[in-house]
Every structure is written in C-alpha cells, then in structure tokens.
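Biologist: I am new to reading structures, and I would love a close look at a single part of this one. Could you start with the whole chain and then take me in to one residue?

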Amino acid sequence: MKHAYLIIAHNEYPVLKSLLTMLDDERNDIYLYIDRRSRALRKKMRDYQMLKAQFHLVSAPIKLYWGDISLVEAEFILMEAAVEHGTYSYYHLLSGADLPIKSQDYIHDFFRQNAGKEFVGYWQSSEHQKDLDRKISRYYLFTKSLRPSDKWHALTVPFYNFALILQKLIHFRRKREMGFQKGSQWFSITHDFCQYLVKEKAFVLKRFKYTLCPDEIFVQTILWNSPYKGNIYHVDDDNEGNMRLIDWKRGAPYVWRRQDYEELIHSNQLFARKFSSDQMEIVMTSDIKSSLCNDSLLYFISLP
C-alpha cells in the first residue's frame with residue numbers, strides 16, 4: 001500500500017524541493033501545506049510537478065503561529081485531505097526543512113517489517129513532565145503573538161503574563177480529563193490510528209485551544225489513551241520513537257551541516273531535521289547508493 005507524506009512548509013524552497021525530489025516515488029502521495037503568509041513559496045509550488053508521486057497542494061491554508069492551536073489545525077487539514085483521498089499504509093508528518101536519510105526502498109521495507117506500529121515520540125524525562133504540566137494546567141491567551149517579531153507582541157504580552165499570574169495566585173488548574181503526554185510534533189502513523197485521530201478532532205480543538213505548544217501534546221495524548229497504545233514503537237526514546245534524527249542538545253533544534261554527513265548516513269533513523277540552505281547546498285541523486293550509506297540518497301557540497 002502507498003504512503004502519504006504530510007508536509008508543513010513556510011520557507012526554505014531549496015530544501016523543500018530536495019525533500020520532494022527524494023520522496024518522488026510511485027509508492028508515495030504528497031500533501032503539502034504552505035503557511036498562508038508564505039505567498040512567494042506557494043506561488044513557486046502552485047504548478048509543481050512530480051514525476052512518479054501524486055502531488056497535492058492543500059488549498060485555503062491558514063496562518064500558522066508557533067505555540068498556537070493553528071499548527072494542530074494544519075495537521076488535521078493534512079490528515080483529512082489524505083484520508084479522504086485514499087487508504088494509506090502510513091501517514092508521515094514532516095516539516096519542509098526535513099529530509100529522508102534512507103532510500104525509499106529502505107523506508108518502505110522498514111514499515112513493512114514493522115506494520116501496525118505507531119511511530120510517535122514521547123519525552124518522558126522529569127524536566128519534560130514538569131514542562132508538560134505547565135503547558136496543560138493553565139489557559140494561555142494570545143498565543144498567536146508569542147513571538148517578539150509579531151506586530152501585536154508588545155501589546156498582548158502584558159495581558160498574556162497577567163492571565164498566567166492571576167491563575168497561579170488563585171491556584172487555578174485546568175481539568176485533566178486523561179493522561180496527558182508530550183513529545184516531538186513529527187510522526188508516522190497507521191491508517192487506523194489516523195482515522196481515530198481525525199474522529200477526535202472536535203475534542204482536540206476544544207481542549208487544546210488555550211494550551212501552549214499543543215502540537216507537541218495532542219497526538220501523544222490521544223494515542224496514549226486510545227486502543228492503539230500497545231502499538232507504540234518505542235516509548236522511552238523520542239528519536240527512536242518516531243524514527244527521526246533531531247538534535248536538541250546543539251540547537252533548537254540543531255541545523256545539520258556538511259560535516260555531519262557521516263553521522264546522518266550511519267544513523268538508524270529514517271528522517272532528519274532540520275536542514276537549511278544557509279548552511280549547505282543539499283544535493284540528491286538516485287545514482288548515489290552505497291552500502292556504506294545504507295542506501296542513503298543524501299550528500300552535501302559546500303556553498304560557494
């Protein structure tokens with residue numbers, strides 16, 4: 001069965017183009033969501049053609065904001081578009097700044113061998129659990145203006161802080177309807193769980209609307225409290241859990257560079273994030289297949 005790639009992008013056209021080229025396989029369908037504010041990127045992708053994979057540019061996008069429910073809405077838009085179009089073996093959520101670090105043959109074989117497993121990462125450390133409690137126990141207002149670059153940030157941040165301080169003073173805590181969990185936003189899930197998640201959309205959008213960074217909480221929470229909990233691939237290691245190589249120790253996250261090539265190709269993960277055209281030129285060719293690279297299609301050359 002085919003795989004559906006659900007991609008959220010807002011910049012980095014060279015990286016996005018490389019990503020789409022590396023996913024261009026007859027066994028894949030691509031669903032691309034571009035932030036409404038990224039008009040230049042959307043214009044470039046409007047007539048984009050793929051040779052083998054079916055390509056779908058999601059229409060009527062909304063504006064996306066860090067830490068806000070809009071990111072969750074975008075994920076549901078992508079999942080619904082894919083589920084309505086067909087039945088897929090797996091649904092992979094990627095950023096436009098991600099790349100596969102294994103070949104399509106390797107990736108499809110991996111998911112065949114692990115059919116039925118849900119690849120969702122969980123952050124289980126005490127620090128993450130404390131952060132999770134902070135994010136789900138209060139009402140977070142004006143989350144669309146959290147970034148200092150937002151034009152309304154200076155105006156709304158006093159109200160944002162006041163609302164949190166007031167809730168702490170009166171010892172207010174939101175109801176915990178279930179066991180909440182937290183982890184990486186990016187996932188690879190089965191058709192059955194994807195359908196289950198889409199059916200929970202109304203609850204998710206209501207409960208997580210005023211939660212901080214709900215995109216890192218809602219999938220983990222719904223899966224944890226679902227009949228599919230027993231299918232979680234790896235609950236104790238986030239990178240292993242969703243098979244994505246993401247380095248949070250050297251960055252937020254770290255941007256992979258040319259000198260990291262050996263680490264990338266020898267990783268047992270399937271995808272990596274994030275990449276930037278500011279750091280290197282990313283080049284892919286189907287002719288580059290080496291046993292040393294585990295059939296990776298990835299290599300780097302320095303920018304001039």
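Modeller: Let's begin at the surface: the protein chain exposes about 14500 Å², and carbon and sulfur atoms supply 52% of that area. Please keep in mind that this is a predicted model. Of the 304 residues in the chain, 54% count as buried. The secondary structure comes to 11 helices and 11 strands. The radius of gyration is 19 Å, close to the 19 Å that the globule rule gives for 304 residues, so the chain is as compact as a globular protein of that length. Along its principal axes, the C-alpha trace spans about 65 × 45 × 35 Å. Look also at who touches whom: among contacts with a separation of 6 or more, 77% are between residues 24 or more positions apart.

Now for the close look. Find Ile246, which lies in strand β8, residues 244-246. Is Ile246 buried or exposed? Its relative accessible area is 4%, and buried means under 20%, so Ile246 is buried. Which residues does Ile246 contact, leaving aside its neighbours within four places in sequence? They are Ser184, Trp186, Asn239, Pro253 and Arg273. You can pick out each of these five names in the view, starting with Trp186. For a sense of distance, try Ser125 as well: Ser125 and Ile246 are 121 residues apart along the chain, and their C-alpha atoms are separated by 17 Å.

Conventions: Residues are numbered from 1 along each chain as its sequence is written. This is a predicted model: local features need pLDDT of at least 70, side-chain atom pairs count only at pLDDT 80 or more; totals for chains, interfaces and linings use all residues. Side-chain values use heavy atoms; hydrogens and water are left out. Helices (H or I, at least four residues) and strands (E, at least two) are DSSP runs, numbered from the N terminus. The radius of gyration is taken over C-alpha atoms; the globule rule is 2.2 Å times the number of residues to the power 0.38. Buried means under 20% relative accessible area, exposed over 50%, partly exposed in between (1.4 Å probe, protein chains only). Contact means heavy atoms within 4.5 Å. Accessible areas come from the Shrake-Rupley method with a 1.4 Å probe; for residues, only the protein chains shown count as cover.
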